[in-house]
Amino acid sequence: MASAGLVKLKTSSSQWIGQQPFNHRPGPSLLSAPRRVALPIRAGAYTDELVQTAKSIASPGCGILAIDESNATCGKRLASIGLDNTESNRQAYRQLLLTTPGLGEYISGAILFEETLYQSTTDGKKFVDCLREEKIVPGIKVDKGLVPLPGSNNESWCQGLDGLASRSAEYYKQGARFAKWRTVVSIPCGPSSLAVKEAAWGLARYAAISQDNGLVPIVEPEILLDGDHSIERTLEVAEYVWSEVFYYLTQNNVVFEGILLKPSMVTPGAEHKEKASPETIAEYTLKMLKRRVPPAVPGIMFLSGGQSEVEATLNLNAMNQSPNPWHVSFSYARALQNSVLKTWKGRPENVEAAQKALLVRARANSVAQLGKYTGEDESDEAKKGMFVKGYTY
């Protein structure tokens, strides 16, 4: 018999989740107050603008270009082509991306790092203005990164709520109209109920603060690809995580029509022996969304999470083979940039060719958002997987 107050329970025949099943809600000992029904949502000063911005980003055939890598992560990108991590090199690369002619035909929003939001081209033109000319909505990464979560199973939490309101107000003045906050959930680490609750609560507080300052929040609890678990296990965890996220979004009176989601696709773990087809990934992912996401949410902008450029596009296409209650699209970083970097190589004479490479990937995902991508004539480079075990941003 287990000792009083400490009962180990199983969620499956093979996995323990700490001292309680991960789908068990914490009792009063872990919550400061009993659960109560959220107050009716009141229209804020920016509500109409938030709804319009979200709809604009969730336009047919369009998605998001994520270039919000921190300076350290951008340095990894540059190092892959032999460039030093200097501000001028980061500026040159981001200028290549943000001044690509015709990009606005396929990209409706671009997530920037703080440095980029305030930067200009070498000719003195603000990057924000470059985006506006292409009718691309500027966005901003607002979280302050992941740190260890005490009391968890070697898991993390996302920091950045301190000072977020004042920072968000300044970002709005600079031209940003949406925000991004990324936290992660690890299946090999459990996940523990503590880590999931922390992720959901942090996302909800960020979303409420963002909306209060005129920024459409992208809600992103990334379920990492790391692990050898099955697609069924990923579905189980994803449903749990998103149920918690929407519970706390409701508690914080977040306007669902003025948010966007950035979920992981429901796939097997990267080290699982059985790979899933695009059709299977679409089936499981849409099952999770239909069970957990209200139709009031205008856009589901998937992250690529280490998939190859072609894999990410094929999976997106499979999800758009039938009507969805939402705009199902993309918010890719590496799955839009990998070929661009390899083409550019840091050489000025390659800028035009690199911009064409970006348009090729953006156009492919635009077609996939419309459910018409075939995958024909893709390069071998675009088919290479980009998963890195334990990858940090």
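# Briefing: confidence, strands and core of a predicted protein chain

In this predicted model, the protein chain has an average pLDDT of 88, and 85% of its residues score at least 70. Residues 1–33 have a pLDDT below 50, and this stretch makes 41 contacts in the model beyond near neighbours in sequence. Where pLDDT is low, the predicted coordinates should not be read in detail. The chain contains twelve helices and ten strands.

**Overall character of the chain**

- The protein chain comprises 393 residues, of which 57% count as buried.
- About 17,200 Å² of the chain is exposed, and carbon and sulfur atoms supply 52% of that area.
- Of the contacts between residues at least 6 apart in sequence, 79% join residues at least 24 apart.

**Strand β9 and its partners**

- Strand β9 spans residues 299–302 and is covered on both faces. Gly299 and Met301 lie on one side, Ile300 and Phe302 lie on the other, and all four are buried.
- In a regular strand the side chains alternate between the two faces of the sheet.
- Strand β8 (residues 260–261) pairs with β9 in the parallel sense through two bridges. Within this pairing, Leu260 is placed opposite Gly299 of β9.
- β9 also runs parallel to strand β10 (residues 327–332), to which four bridges join it. Here Gly299 stands opposite His327 of β10.

**Crossover connections**

- A right-handed β-α-β unit is formed by β8, helix α9 and β9, with α9 covering residues 278–292.
- β9 takes part in a further right-handed β-α-β unit, together with helix α10 (residues 309–319) and β10.

**Strand β1 and its partners**

- Strand β1 covers residues 63–67, and five of its five residues are buried.
- β1 runs parallel to strand β2 (residues 107–112), and five bridges join the two. Ile67 of β1 faces Leu112 in β2 as its opposite residue.
- β1 is also joined to β10 by two bridges, again in the parallel sense. In this pairing Ile64 stands opposite Ser331 of β10.
- β10 is thus a shared partner, joined to β1 and to β9.

**The nonpolar core**

- The largest nonpolar core holds 106 residues. Those with the most contacts inside it are Tyr206, Phe246, Leu249, Leu261, Val297 and Trp344.
- Helix α8 (residues 231–251) contributes twelve residues, the largest share of this core.
- Setting aside neighbours within four places in sequence, Phe246 is in contact with Phe256, Ile259, Leu261, Arg292, Val293, Pro294 and Val297. Leu261 and Val297, among these partners, are also listed with the most contacts inside the core.

**Ala204 and its surroundings**

- Ala204 belongs to helix α7, which covers residues 193–212.
- Ala204 has a relative accessible area of 0% and is therefore buried, the cut-off being under 20%.
- Not counting residues up to four places away in sequence, Ala204 touches Tyr248, Leu249, Asn252 and Val254. One of these, Leu249, is listed with the most contacts inside the largest nonpolar core.
- Ala204 and Tyr248 are separated by 44 residues in sequence, yet their C-alpha atoms are 5.7 Å apart in space.

Terms used. Residues numbered from 1 in each chain as written. Predicted model: local features only at pLDDT ≥ 70, side-chain atom pairs only at ≥ 80, totals over all residues. Heavy atoms only, no water. pLDDT = per-residue confidence, 0-100. Contact = heavy atoms within 4.5 Å. Buried < 20%, exposed > 50% of the residue type's maximum accessible area, 1.4 Å probe, protein only. Areas by Shrake-Rupley, 256 points an atom, 1.4 Å probe, with all protein chains shown as cover. Pairing = 2+ DSSP bridges. Right-handed = clockwise from strand over helix to strand, strands pointing away. Core = buried A, V, L, I, M, F, W, Y, C linked by side-chain atoms within 4.5 Å.
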